[in-house]
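Work through these exercises with the model open. Try each task before you read its solution.

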Amino acid sequence: MTERGHDVIWWRRDRRAFGPVWESRRIRVIDHEGSRDIAVTPTDDIAEAVAAAELILAPTPANAQHDLADRLAPHVSDGQVIYLPPGTFGSYIMLKRMRDAGCTADIAIAETGTLPWLCRKPDAESVRITTRASRLPTGAFPARLNDHALSVIADAFPGAIEPVEDALSAALMNAGPIIHPPLILMNAGPIEHFDSWDIHNEGTQPSIRRVHDALDAERIAVREALDYAPPHFPLRDHYETSDWMYGNLAHDKLVDSGDWHEKLDLTGHRYMSEDIAQGLAFLVSVGEWLGVPVPVARGLLAIGGAAAGHDWRAEGRTLESIGLSDQSPAEVQTMLREGL
C-alpha cells in the first residue's frame, strides 16, 4: 500500500512484537519483483493509528477480534471502515461489542473470504509474498453502508473487490474453514511425525480433495438457503482453474514456492484455532439453524475438537455463542442491512 502511494500506519498492541522493525522503520518485501526494503511507520498507540484513517485493515486471527473491538471503540469516528480479511462473522461480533462499550460512531465493518496475500514470514524483518488476491468477495455490516465501505476498500485493493450482499454472505465465503480442516486433520499423522510437511504438496491427495468438495458443497447449500447469489467461489476453482480468489494458478504457486513445507503445531496453529474452532463451528451452527444438512462439516468439527481436546460445537464461534440463534433468518437479515 505504501508503494501505491497510501499513507500507512502499522499498529500492534505489543511494541516488542515489531522486533527490529521498530528501530529500523523498514520491512523487507520479497515477491515476484524481487527483494526490496519498504519504509513503515510502526506504533503501539491505537489512537494515533486510527485518528486520520479512512481504512482500518485488521487481518488478525478471529480470536483477537474481541480485544481489538475493545481497543478501537473509544477512537473510531463516523465514516471509517474496518476490513477483516477474512472475518468469520467478526463484523457483527466487533460492532456489537463496540456498541455495548458505548461507541456510537456510524462505521462499517466489512469482511471477505481470504487474506489479500498468501505469504510467510521468513525472519523478523521480512515477508515473502507468494501471490496476491485478485478477487475479494466483500460485504459490509451494516449493508446500508456497503457502497461507501467497498469504495474505501477498493482504493486500497484496486480491481480486486467484488461486492456481495452483506457481511454474513461474506462470512460464508471464508475459504479457510473449507480448505484447511481436511488438509490438517487428514494429514495429522505426517504433521506430528515429520520435522516439516507441506499440506499443499504431498498433503493434497485425491481423497482429501473429495472431502474438500463435499464440505464446500455444504457451504454453498447454506448460502443458497439464505438466497445469496452466485458466484459462490467454489474451492475446486482454486485447484482446477485460475478463476478463484487468487487466480493465476495459486495452488501451483504454493507448491512451487516451498514456503509451506514447514513445521506445524497441529493443535495451536491458526488452521485449528481459527479455521476449525471459529470458522467451521460457525458454518455448522448456521447450517443447523437453517435446517441444512452439514454432516461433513459436523464430522470434521468433532474430529478437530477431539484432536485438540475441545468440544468446539459447544465452545467455538456459533450463532448460539454470539446470541443470534433465537432469531429468524428474516430478522437477522434485517439487522444485517440496518445495523445495531
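**Exercise 1: a helix over a sheet**

Task: find which strands helix H4 lies across, and give its angle to E7.

Solution. This is a predicted model. Start with helix H4, residues 90-100. H4 lies across E6, E7 and strand E10 (136-141). Now compare directions: H4 runs at about 160 degrees to E7.

**Exercise 2: the sheet**

Task: give the strand order of the open sheet of five strands, then say which strands stand at the edges.

Solution. Read off the order: E5-E6-E7-E10-E11. The pairing is mixed. Next, look at the edges. Strand E5 (55-57) and strand E11 (161-163) each have a single partner strand, so one side of each lacks a neighbour in the sheet. Last, the twist: from one strand to the next, it averages 30 degrees.

**Exercise 3: one strand pair**

Task: how many bridges join strand E6 to strand E7, and which residue stands opposite Tyr-83?

Solution. Recall the principle: strands of a sheet pair through backbone hydrogen bonds, either parallel or antiparallel. Take E6 (residues 81-84) and E7 (residues 108-112). They run parallel, joined by four bridges. Then pick out Tyr-83: opposite stands Ala-110 in E7.

**Exercise 4: one residue**

Task: is Ile-38 buried or exposed, and which residues does it contact?

Solution. Locate Ile-38 in strand E3, residues 34-39. Its relative accessibility is 13%. Buried means under 20%. Therefore Ile-38 counts as buried. Now set aside neighbours within four places in sequence: Ile-38 contacts Thr-2, Glu-3, Arg-25, Arg-26, Ile-27 and Val-29. Check Thr-2. Thr-2 and Ile-38 are 36 residues apart in sequence, but their C-alpha atoms are 7.7 Å apart in space.

How values were computed
Residues are numbered from 1 along each chain as its sequence is written. This is a predicted model: local features need pLDDT of at least 70, side-chain atom pairs count only at pLDDT 80 or more; totals for chains, interfaces and linings use all residues. Side-chain values use heavy atoms; hydrogens and water are left out. Helices (H or I, at least four residues) and strands (E, at least two) are DSSP runs, numbered from the N terminus. Buried means under 20% relative accessible area, exposed over 50%, partly exposed in between (1.4 Å probe, protein chains only). Contact means heavy atoms within 4.5 Å. Two strands pair if DSSP finds at least two bridges between them. Axes are lines fitted to C-alpha atoms, for helices over the stretch in contact, and angles run from 0 to 180 degrees between N-to-C directions.
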